[in-house]
Amino acid sequence: MSLDPKVAARLKRNPDGLVAAIVQQYDTGEVLMLAWMNDEALHRTLTTGRATYWSRSRAEFWVKGDTSGNVQHVKSVALDCDGDAVLLKVDQVGAACHTGDRTCFDADQLEIALG
């Protein structure tokens with residue numbers, strides 16, 4: 001089985017065949033992380049209900065939580081208007097970030113110069 005051809009036709013992939021996957025907690029709207037998906041990772045996510053990504057550094061698929069226990073149960077998936085990103089709304093169990101933080105966006109807030 002492979003990704004539905006209608007969905008695949010809408011995707012605009014980068015030169016590595018990937019689209020950005022923005023991950024959000026389904027009930028609070030909290031942005032948890034950004035990861036990458038190819039067609040197979042998206043297909044696996046849609047058919048299993050478990051968030052599956054493509055690891056650029058390891059060049060392999062990874063199912064969120066298989067090694068850490070910090071599972072993402074997928075509630076919905078949507079393509080953005082240009083087809084170059086997907087939004088996964090998930091129920092996050094435990095930390096989303098590999099550092100152990102709840103989200104990958106907890107640290108290093110950048111200062112905004114107003115005026």
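Which side-chain oxygen reaches to within 3.2 Å of the backbone nitrogen of Glu40 at the start of helix 2? The oxygen belongs to the side chain of Asn38. The model described here is predicted. This briefing covers helix 2, the hairpin of strand 3 and strand 4, and three cysteines that carry a UniProt annotation.

**Helix 2**

- Helix 2 runs over residues 39-48, and its buried residues are Ala41, Leu42, His43 and Thr45.
- These buried residues pack against one helix, helix 1 (5-10), and against several strands.
- The strands in question are strand 2 (31-37), strand 3 (52-55), strand 4 (60-63), strand 5 (72-79) and strand 6 (85-92).
- Gly49, just after helix 2, has a positive phi of about 75 degrees.

**The hairpin of strand 3 and strand 4**

- Strand 3 pairs with strand 4 in the antiparallel sense, over four bridges.
- Ser55 has Glu60, in strand 4, as its bridge partner.
- Four residues lie between the strands of this hairpin.
- Ala59 in the hairpin takes a positive phi near 55 degrees.

**The annotated cysteines**

- An unreviewed UniProt entry gives the annotation "binding site" to Cys81, Cys97 and Cys104.
- These residues are spread over 24 residues of sequence and also in space, with up to 26.8 Å between C-alpha atoms.
- Among them, Cys97 and Cys104 are included in the lining of the largest pocket.
- Cys81 sits in the loop between strand 5 and strand 6, and Cys81 is exposed, with a relative accessible area of 77%.
- Cys97 lies in the segment after strand 6 and counts as buried, at 9% relative accessibility.
- Leaving aside residues up to four places away in sequence, Cys97 touches Lys64, Arg102, Thr103 and Cys104.
- Cys104 counts as partly exposed, with a relative accessibility of 35%.

**Disulfides**

- A disulfide is a covalent bond that joins the sulfur atoms of two cysteines.
- How many disulfides does a search of the whole structure find? The search finds zero.
- Why is there no bond between Cys104 and Cys97? The closest cysteine sulfur to that of Cys104 is in Cys97, at 3.4 Å, which is too far for a bond.
- The cut-off that applies here is 2.5 Å between the two cysteine sulfur atoms.

Note on methods: Residues are numbered from 1 along each chain as its sequence is written. This is a predicted model: local features need pLDDT of at least 70, side-chain atom pairs count only at pLDDT 80 or more; totals for chains, interfaces and linings use all residues. Side-chain values use heavy atoms; hydrogens and water are left out. Buried means under 20% relative accessible area, exposed over 50%, partly exposed in between (1.4 Å probe, protein chains only). Helices (H or I, at least four residues) and strands (E, at least two) are DSSP runs, numbered from the N terminus. Contact means heavy atoms within 4.5 Å. A polar contact is a pair of N or O atoms within 3.5 Å; within protein, one must be able to donate a hydrogen and the other to accept it, and residues adjacent in sequence count only if both atoms are side-chain atoms. Two strands pair if DSSP finds at least two bridges between them. UniProt positions are given in the numbering used here, feature names are shortened, and annotations may be inferred rather than shown by experiment. On a 1 Å grid over the protein atoms alone, a cavity is a set of points where a 1.4 Å probe fits but cannot get out, and a pocket is an open set with protein on both sides within 12 Å along at least five of seven lines; lining residues have an atom within 4 Å of a point.
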